[in-house]
Amino acid sequence: MAVRVSEADFDVSEEMARLAGDDTGIGGVSIFVGKVRGEAGGEKLVSMTLEHYPGMTEAELERIEAEAQQRFRLSASLIIHRVGELKPGDNIVLVIACSPHRGDAFGATAFLMDYLKTCAPFWKKETLVSGTTRWVEARESDDEAAAAWVSIGK
Amino acid sequence: MTEKPSTGETVLRYFAWLRERTGLSEERLILPADILTVGDLLLWQSRRGHPFNQAFAKPEAIRVAIDHSHAKPAAEIGSAREIAFFPPVTGG
């Protein structure tokens, strides 16, 4: 189980190999990668800057990961979130969940992403081709996705 | 957490557009004794004068964390060392 906040990019296969190690109990690995879209509200995006709250971010990601461990049978999991200035096509976030079976791996990946999006203190600021900058607004659908897990229970 | 505040002081931190609108990333001060909850603190910020009154004009759009944990408006501030203000998060 690990969380990491970093300006540097990540290599998916390297991270997966390191996480799974030689654990032959793992039967399935689910991976989600979030990327910067090249367009925002119909306008071309030049860059996206990610700000976070050092200290709270790591604490929050660890809480989310611990909650995922309670809900799913996980052999290993990893969350990497990038910060700083990113360009269209760049990676933003990596979530990997390893489990004996695919159901727990898929479920944990979705759960980790839904909670990360509503709880982890990151903020995105877009710079558009017109020169305007704006803070991305939170989406209600993200809150609903996270809230849905509450009714599903453990 | 940042450097430990001296006795009675609370560190207030601001992120994203709250940092921009207040012009501060953090400040240290002794909060008025009648501020008991997160809601009280938000109201106090909105009455604090420029630039805080504008930054905190819509408290429902602002989230608060006490010592690195999310806190609802009814939450008590107690002996918090660090209180952060920020818009709803948009990571992932």
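**Exercise 1. Find the strand that pairs with E8 of chain A through three bridges, and say which way the two run.**

Step 1. Start at E8(A), residues 122-128, and look for strand E9 (residues 133-135) of chain A: three bridges join the two, and they run antiparallel. Helices (H or I, at least four residues) and strands (E, at least two) are DSSP runs, numbered from the N terminus. Two strands pair if DSSP finds at least two bridges between them.

Step 2. Pick out a residue pair: A:Thr127 has A:Thr133 in E9(A) as its bridge partner.

Step 3. Check the turn. E8(A) and E9(A) make a hairpin with four residues between them, and A:Gly131 in the turn has a positive phi of about 100°.

Step 4. Now look at strand E4 (residues 43-52) of chain A, which is joined to E8(A) by seven bridges and runs antiparallel to it. Here A:Ser47 has A:Thr127 as its bridge partner in E8(A).

A word on the ground rules: this is a predicted model, where local features need pLDDT of at least 70, side-chain atom pairs count only at pLDDT 80 or more, and totals for chains, interfaces and linings use all residues. Residues are numbered from 1 along each chain as its sequence is written, while chains are lettered from A and ligands numbered from 1 in the order in which they are written.

**Exercise 2. Work out the strand order of the open four-stranded sheet in chain A.**

Step 1. Begin with strand E1 (residues 2-6) of chain A, which pairs with E5(A) in the parallel sense over five bridges. A:Val5 has A:His81 as its bridge partner in E5(A).

Step 2. Move on from E5(A) to strand E7 (residues 91-99) of chain A: six bridges join them, and they run antiparallel. A:Ile80 stands opposite A:Leu94 in E7(A).

Step 3. Finish with strand E2 (residues 28-35) of chain A, joined to E7(A) by eight bridges, again antiparallel. A:Gly28 faces A:Ser99 in E7(A).

Step 4. Put it together: the order is E1-E5-E7-E2, with mixed pairing. The edge strands are E1 and E2 of chain A, each pairing on one side only. From one strand to the next, the twist averages 10°. Axes behind such angles are lines fitted to C-alpha atoms, for helices over the stretch in contact, and angles run from 0 to 180 degrees between N-to-C directions.

Step 5. Add the helices. Helix H1 (residues 12-20) of chain A packs on the sheet, touching E2, E5 and E7 of chain A, and its direction makes about 30° with that of E7(A). Helix H2 (residues 56-71) of chain A also packs on the sheet, touching E1 and E5 of chain A, at about 150° to the direction of E1(A). Residues count as in contact if their C-beta atoms, placed from the backbone, lie within 7 Å.

**Exercise 3. Decide how covered E5, E7 and H3 of chain A are.**

Step 1. Get the cut-offs straight: a residue is buried if 20 or more other C-beta atoms lie within 10 Å of its own, exposed if 12 or fewer, and partly exposed in between, with C-beta atoms placed from the backbone.

Step 2. Go through the elements. In E5(A), residues 76-82, six of the seven residues are buried. Eight of the nine residues of E7(A) are buried, so this strand is largely enclosed by the rest of the structure. H3(A) has 13 of its 18 residues buried.

Step 3. Check the length of H3(A), residues 102-119: at 1.5 Å a residue (the expected span being 1.5 Å times one less than the number of residues), it should span 26 Å, and its end C-alpha atoms are 25 Å apart, which agrees.

**Exercise 4. Map the open five-stranded sheet of chain B and place B:Ser69.**

Step 1. The order is E2-E1-E5-E3-E4, with mixed pairing. Its edge strands are E2 (26-29) and E4 (69-71) of chain B, and the twist averages 25° from one strand to the next.

Step 2. Strand E3 (residues 63-66) of chain B pairs with E4(B) in the antiparallel sense over three bridges, with B:His70 in E4(B) as the bridge partner of B:Ala65.

Step 3. B:Ser69 is found in E4 of chain B and is partly exposed, with 13 other C-beta atoms within 10 Å.

Notes:
Contact = placed C-beta atoms within 7 Å.
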